[in-house]
Amino acid sequence: MAMNKIRGAFAVPRKGETYELRAGLVSQYAYERKESIQKTIMAMTLGKDVSALFPDVLKNIATGDLEQKKLVYLYLMNYAKSHPDLCILAVNTFVQDSEDPNPLIRALAIRTMGCIRVEKMVDYMEEPLRKTLRDESPYVRKTAAICVAKLFDLNPGMCLENGFLEMLQEMIGDPNPMVVANSVTALSEIFQTAPETQALQVTSNTLRKMLMALNECTEWGRVTILSTLADYRTGDVKESEHICERVAPQFQHVNSGVVLAAVKTVFLHMKNISPELNQNYFKKMAPPLVTLVSSAPEVQYVALRNIDLLLQKQPDILNKELRVFFCKYNDPPYVKFQKLEIMVRIANDRNVDQLLAELKEYALEVDMDFVRRAVKAIGQVAIKIESASEKCVNTLLDLINTKVNYVVQEAIVVIKDIFRKYPGYEGIIPTLCQCIDELDEPNARAALIWIVGEYAEKISNAGDILGGFVDGFNEEFSQTQLQILTAVVKLFLKRPEKAQGLVQRVLQAATAENDNPDVRDRAYIYWRLLSNTSDSNATRNIVLSDKPPILTTINSLPPALLDQLLSELSTLSSVYHKPPEQFVGQGRFGADAVQRAAIEEQIQNARENPLAAAAAAAAVSGSTPSAQAQSNVENLLDIDFDGGAPASAQKEPTSGMSGLEGLAGTPVRVQSPAVGSPPPQASNNLDDLLGVFGDSGAAQPSSSGVNGSNDLMNGFADLNMSGNGAPPQSNNPPKKSNEDILGLF
Amino acid sequence: MLSGILIFNQKGENLIFRAFRSDCRPRLADIFRIQVISNPQVRSPILTLGSTTFSHVKHENIYLVAVTKSNANAALIFEFMYRFIMLGKSYFGKFDEEAVKNNFVLIYELLDEILDFGYPQNTETDTLKMYITTEGVKSVIANSPTDSSRITQQATGALSWRRSDIKYRKNEAFVDVIEDVNLLMSATGTVLRADVNGQIIMRAYLTGTPECKFGLNDRLLLDGGAPVSGGKNGAGNSSGAMATSKATRAAAGSVTLEDCQFHQCVKLGRFDADRIISFVPPDGEFELMRYRATENVNLPFKVHPIVREIGTTKVEYSVAIKANYSAKLFATNVVIRIPTPLNTAKTTERTSQGRAKYEPEHNNIVWKIPRFSGQSEYVLTAEATLTSMTHQKAWSRPPLSLSFSLLMFTSSGLLVRYLKVFEKSNYSSVKWVRYMTRAGSYEIRF
């Protein structure tokens, strides 16, 4: 207490929490001191700055009370940086503790030392670490093993000089499985941050040791070892077979992390072994995967995202398990959405009836987002399975008859795609046209207008319908405007007598009164084409040409990305369906720094690999669960693109678009390049041209596949818009090249 | 791996903040609060902002958050979080805001022990309880260095779940087979999905280091022609245990287990090779295995609902439920939840058994039957009067759901054939088996 009085004489506040805590910390009674330490930790958790108490807390470090010691250590770890000089006072205790007869205390000392990130402390770590790495107690050894990774993070040079890496590598042969697991953990972390160290080199010898430890170590250790095994490239077929054989029993583990890690390991090593064995392993793999679907929702979500990846590579491994993926009423939305995607993936002509009944049920629920996805899924099934298309169309008609606004709209968008593949369903067009007044979303309106234009010769009142749209032309979204234009021109070409006036009016409206360069350009093109008298068939050939058939509307990742993601199974990367580079940054966290880094990263990615980046983005957007998660980030990005970035975006409108812009010579619709299915796109330039002229051409089918849930793509969309929609001068060149192209015809 | 573990209450107050790496800054707590807790739009348990990923689980009234900066193993993160919750429950009874606030020191201590540099370490409850103690949890072992070295041996050993010095005067093992039966039935009465998630809980009070072998009427095993030898077992106990020898005779049929998952004490290699479940059990209660069965599921209840919407003002219900199990058995706590439209003003119910009540907060009529004997059939008729609404929205008709528990019955038909205990000292042990079937998600559409 006398101490306190003297202190009080200095500039320390007499009142307040800090004062009280300090008084307690130096109290003569042990229980008061301990209580004060607890309170200090509490204040620390609440975010209060109690670093001023550092010296007083430190005084309590030398104690026999293990609990108190732990508390002081916890405080030290948090505030060491604020008092680097004082830390030196703790060193002695640490060194002493690391030689304590009690292994718990030895381990605690070495564990904590590694967490005190102060240069001075590091200097004193060498000796204790060396001793504890060779400690008789496996508990201390396993703790010391992790400590090497901590030290490497702080001071790689010292770690290498003292030969800690070699010691760690030797410890893979430790008799204790947990020590083995932690050594592998530490080595693989070091290897990842600094590949040049060659820290973790699996040889046939270490492989054997790891396989031995696999069956005995903790579940977490198993995950580490399995992940390491998965990354290992085997020398021969025998070795791969051996690994698969030893790993497969882990499918039965209760921990889903272990199960997924085992699936990953077997899946990656399976490539090397005989097809019969492959089938065998697929059979073994399926039930555990299905079991994961009945675990906690978050785990389910991770599992479902991974199953999605596996199915893209091996579509048939779960085709008997459709029912397992039926949504429960109380499933969280992110699980439901993912289940829908998987159900569509495993749909085949045997289970399609069941699936359709189920999807129809979902389409009648109340969650708007879920309902839309269910409707979309029906369309995907129709296009995937030809024999079921009629049933799908009937189901969609039933849904349209419910007159629920958003169901009708989504159904119409979907039906448009179905028409692209099966033109034979025109009988339902009158039903669709009845809904015309209910459609208020640009997508749905555009879809219906496209249908009217495409079947103009068969719809007696097509002129009236389109006339209605032309009247309100300038109130429509540009997406719809483009479709109106095209549809009216089609109508004119098919039934010139009916649409003479209409076509004049719409071209007038689109060229004279419209601000959107895309719409204007398209209108000019049509105008030119129509006024071309030298070859009257040219317009027909272009506008009414056969469109390439739709193959699928199910999103798939490009094969290269898929392979990359399969080697990342069960990680965050596999959940996002994005390569890790896209969301893991080395930078520090600070709202701006991270944002800037993220933007740069995005731009960089887009520049380097426009298709893959766009596809990855699109793929993620395909499932809102994570897309939702993403959208926040992307929204932030959007803001920045609108603000600072457009300059760069204009200079170099690369971001996924450049290829097409060059080809088509017009500002291209934004979505098309972001489509995940390159074949019809990239391969066929003509399609792109048609896409500009005819109607949505090649772009439409696939884009609508991706489009439905394009939260994420906004990120890209906005970026491109700022490139395209920018001031007139950027539009001039495209216009010119339009004329060049026109010259060709 | 993990950079830190955070716990928040529902208001977004940070209760626990434990950083394992230097990149886990205090500011992250604010970011999570703003982006997740106060953002109703969030629909995913994983959220990446910049390069920081937050993975969260909501339990009771707290959020548990794992922060990571790397491409971490997502499955492992969530498994770990659930393990952490289990630990919390076993230490504090209930893992909620109050428990966290009252035990924050202990929670820091636990976190320090189960995670090192963000890598999960030993998370076995029993082992941890030996050296991380609180008033409620007293260590059996004094805190002397020799004991500590024993503890650490166990915490890292190949049998990290079992002490070597366990002694009981009477050696007993209790096996509970608990099945959750899931059903999804369509409005037309076809079974869309019926399966069983079973778990086998064991309470082992056995001396020394016993090696146990456990046999089920698993079709793969029986077809494989493995030797059948029922163990000598004690008689049934008061709560309706069944001697396994009797069960063996009863098991004319066998069960196809779609998939099994085992506690880490089970030697997976042996199961994979010859489907023998062999293990050294932890002391006390643990979950030996989980399994899934989808074939020949016996549904204990058949429900036949007739729901008619009469105009826009009235809904009429007639729900019949029939017990499909032997008349000797009876189910307890049968609760049938019958959804009503959101604009229900009042309801009237009549039941032939049990009591029904309208719960406006859940939009449900809840029909409770405390005791439901086998083969009996009960009916509820009810009527819901609706208020008229200006904006009439179609009623989504959520499924009717059921919960119950039924002893001495397994939906899958699973039976325990034997449990054999081998120990050096060759003592005899008494084993008890109990069966129970509960409703998992038992939903019937109408």
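Reader: What lies over the face of B:Y418, and how far from the ring centre?

Author: Look for a charge over a ring (NZ of Lys or CZ of Arg within 6 Å of the ring centre and within 35 degrees of the ring normal). Here B:K420 lies over the face of B:Y418, 4.5 Å from the ring centre. Over in chain A, the charged end of A:K336 sits over the ring of A:Y329, 5.7 Å from its centre. Mind you, this is a predicted model: local features need pLDDT of at least 70, side-chain atom pairs count only at pLDDT 80 or more, and totals for chains, interfaces and linings use all residues. Residues are numbered from 1 along each chain as written, chains are lettered from A and ligands numbered from 1 in written order, and side-chain values use heavy atoms, without hydrogens and water.

Reader: How many aromatic pairs does the structure hold?

Author: Rings of Phe, Tyr and Trp (its six-membered ring) pair with centres within 6.5 Å; planes under 30 degrees apart are stacked, over 60 edge-to-face, the rest tilted. There are 32 over all chains. One tilted pair is A:Y362 with A:F370, 5.2 Å centre to centre and 45° between the planes. B:Y91 and B:F92 are tilted at 45° too, with 6.1 Å between centres. Chain B also has one aromatic cluster formed by B:F301, B:Y325, B:F372, B:Y378, B:F404, B:F409 and B:Y442.

Reader: Why does B:Y91 count as buried?

Author: Buried means under 20% relative accessible area (1.4 Å probe, protein chains only). B:Y91 counts because its relative accessibility is 7%, and B:F92 does so at 17%. Both A:Y362 and A:F370 are buried as well.

Notes:
Buried means under 20% relative accessible area, exposed over 50%, partly exposed in between (1.4 Å probe, protein chains only).
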